[in-house]
Amino acid sequence: MITIGVLNLQGAVSEHFVMTQKAIEKVDFDAEAKTVRYAADVADCDGIIISGGESTVIGKLIEERGISKIIKENNIPIFGTCAGMVLLSKKIDQEQPILRLMDIEVKRNAYGSQKNSFERKIEILGDIFQGIFIRAPAVEKIHEDNDNNEEIEILSKLDDIIIAVRQGNNIAMAFHPELTEDTRLHEYYLNLVLDSKN
Ligand code: GLN
């Protein structure tokens with residue numbers, strides 16, 4: 001049984017939880033979704049989803065609660081969307097606690113404020129998806145000095161700006177797949193978690 005924890009500290013948690021449950025119904029392996037708030041619950045998970053929200057708030061709680069340490073010790077595959085992407089990055093454009101798990105440099109609110117939110121069709125994994133961008137970050141740079149020993153795979157670009165990446169078992173997306181009805185990106189992540197166990 002694979003357990004996917006949706007980190008429930010702040011942000012679009014319930015949407016990710018429902019989406020993960022729907023994706024689990026579609027993949028044919030034994031998995032469950034739960035929401036997690038503390039390091040001990042995170043330690044029981046095979047994968048962790050970090051939702052959109054306010055990365056400053058989520059990052060502070062991840063640090064304070066020792067969740068960062070558990071994620072790194074147990075090498076848990078992370079799926080981060082929007083604020084989750086900010087938190088996975090190695091460097092951002094301001095001082096705040098981040099996980100530094102992916103060798104990417106990210107600019108917060110790259111497209112402006114809430115009122116500059118937008119929807120666009122995006123291409124990812126060879127298919128077309130609806131991309132919902134809400135105060136979205138963007139990957140500004142892929143770091144050459146690759147600390148995490150895995151290649152960065154660019155999964156998607158929008159107008160030449162990198163909006164989705166994978167490095168090893170971690171994936172980061174600037175947009176919000178959990179706000180659509182489309183479970184394919186969650187299914188992709190579930191398969192990644194399963195592969196990481198084999
Ligand atoms: N800009 C926000 C941040 O950096 C993220 C916005 C979002 O997750 N929708 O925290």
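**Exercise 1.** Which residues does Arg135 touch, not counting residues up to four places away in sequence? Place Arg135 in the chain and classify its exposure.

Solution. The model is a predicted one.
- Step 1. Arg135 sits in the loop between strand S8 (127-133) and strand S9 (138-142).
- Step 2. Once residues up to four places away in sequence are set aside, Arg135 touches Asn109, Ser113, Gln114 and Ser117.
- Step 3. A residue is buried with 20 or more other C-beta atoms within 10 Å and exposed with 12 or fewer. Arg135 has 19 C-beta neighbours inside 10 Å, so Arg135 counts as partly exposed.

**Exercise 2.** Do the same for Arg108: state where Arg108 is placed and what Arg108 touches.

Solution.
- Step 1. The loop between strand S6 (102-107) and strand S7 (118-124) holds Arg108.
- Step 2. Around Arg108 there are 19 other C-beta atoms within 10 Å, so Arg108 is partly exposed.
- Step 3. Not counting residues up to four places away in sequence, Arg108 touches Ser55, Val86, Ile92, Asp93, Gln94 and Pro137.

**Exercise 3.** Which residues does the UniProt annotation "binding site" cover, and why can they be said to gather at one spot? Set them beside the shell around the ligand.

Solution.
- Step 1. In the unreviewed UniProt entry, "binding site" covers Gly53, Glu54, Ser55, Arg108, Ile134 and Arg135. These residues span 83 residues in sequence, yet no two of their C-alpha atoms are more than 13.0 Å apart, so they gather at one spot.
- Step 2. Around the ligand are Gly52, Gly53, Glu54, Ser55, Cys82, Ala83, Val86, Arg108, Asn109, Ile134, Arg135 and Pro137.
- Step 3. By type, this shell divides into five nonpolar, four polar and three charged residues.

**Exercise 4.** Which residues does UniProt list for "active site", and how are Cys82 and Glu178 placed?

Solution.
- Step 1. The unreviewed UniProt entry lists Cys82, His176 and Glu178. They span 97 residues in sequence, but no two of their C-alpha atoms are more than 10.8 Å apart, so they gather at one spot.
- Step 2. Cys82 lies in the loop between S4 and helix H5 (83-88). With 29 C-beta neighbours inside 10 Å, Cys82 counts as buried.
- Step 3. Leaving aside neighbours within four places in sequence, Cys82 is in contact with Gly52, Ile134, Ala136, Pro137, Ala174, Phe175 and His176.
- Step 4. Glu178 is in the loop between strand S12 (170-173) and H6. Glu178 counts as buried, with 27 C-beta neighbours inside 10 Å.
- Step 5. With residues up to four places away in sequence not counted, Glu178 touches Ala12, Glu15, His16, Met19, Ser51 and Thr81.

**Exercise 5.** Is Thr81 buried or exposed? Describe the surroundings of Thr81.

Solution.
- Step 1. Thr81 belongs to strand S4 (residues 78-81).
- Step 2. There are 29 other C-beta atoms within 10 Å, so Thr81 is buried.
- Step 3. Leaving aside neighbours within four places in sequence, Thr81 is in contact with Ser51, Gly52, Met173, His176, Pro177 and Glu178.
- Step 4. Thr81 and Ile171 are 90 residues apart along the chain, and their C-alpha atoms are separated by 8.5 Å.

**Exercise 6.** Inspect phi at Cys82 and Asp160, then classify the exposure of Asp160.

Solution.
- Step 1. Most residues other than glycine have a negative phi.
- Step 2. Cys82 is not a glycine, yet has a positive phi of about 55°. Asp160, also not a glycine, has a positive phi of about 70°.
- Step 3. Asp160 lies in the loop between strand S10 (152-158) and strand S11 (161-167). With 5 C-beta neighbours inside 10 Å, Asp160 counts as exposed.

**Exercise 7.** Check the span of helix H1 (residues 13-26) and find what its buried residues pack against.

Solution.
- Step 1. At 1.5 Å a residue, the 14 residues of H1 should span 20 Å; the end C-alpha atoms are 20 Å apart, which agrees.
- Step 2. The buried residues of H1 are Val13, His16, Phe17, Met19, Thr20, Ala23 and Ile24.
- Step 3. They pack against strand S1 (2-7), strand S2 (31-36), strand S3 (47-50) and helix H6 (184-197).

**Exercise 8.** Which residues of the largest nonpolar core touch the most other members?

Solution.
- Step 1. The core has 61 residues, and Ile48, Leu87 and Ala174 touch the most other members.
- Step 2. Leaving aside neighbours within four places in sequence, Ile48 is in contact with Gly5, Leu7, Val42, Ile71, Ile76 and Ile78.

How values were computed: Residues are numbered from 1 along each chain as its sequence is written. This is a predicted model: local features need pLDDT of at least 70, side-chain atom pairs count only at pLDDT 80 or more; totals for chains, interfaces and linings use all residues. UniProt positions are given in the numbering used here, feature names are shortened, and annotations may be inferred rather than shown by experiment. Helices (H or I, at least four residues) and strands (E, at least two) are DSSP runs, numbered from the N terminus. Two residues are in contact if their C-beta atoms, placed from the backbone, lie within 7 Å. A residue is near a molecule or strand if its C-beta atom, placed from the backbone, lies within 6 Å of it. Ala, Val, Leu, Ile, Met, Phe, Trp, Tyr, Cys and Pro count as nonpolar, Asp, Glu, Lys and Arg as charged, and the others, Gly among them, as polar. A nonpolar core is a set of buried Ala, Val, Leu, Ile, Met, Phe, Trp, Tyr and Cys residues joined through C-beta atoms within 7 Å. The expected span of a helix is 1.5 Å times one less than its number of residues.
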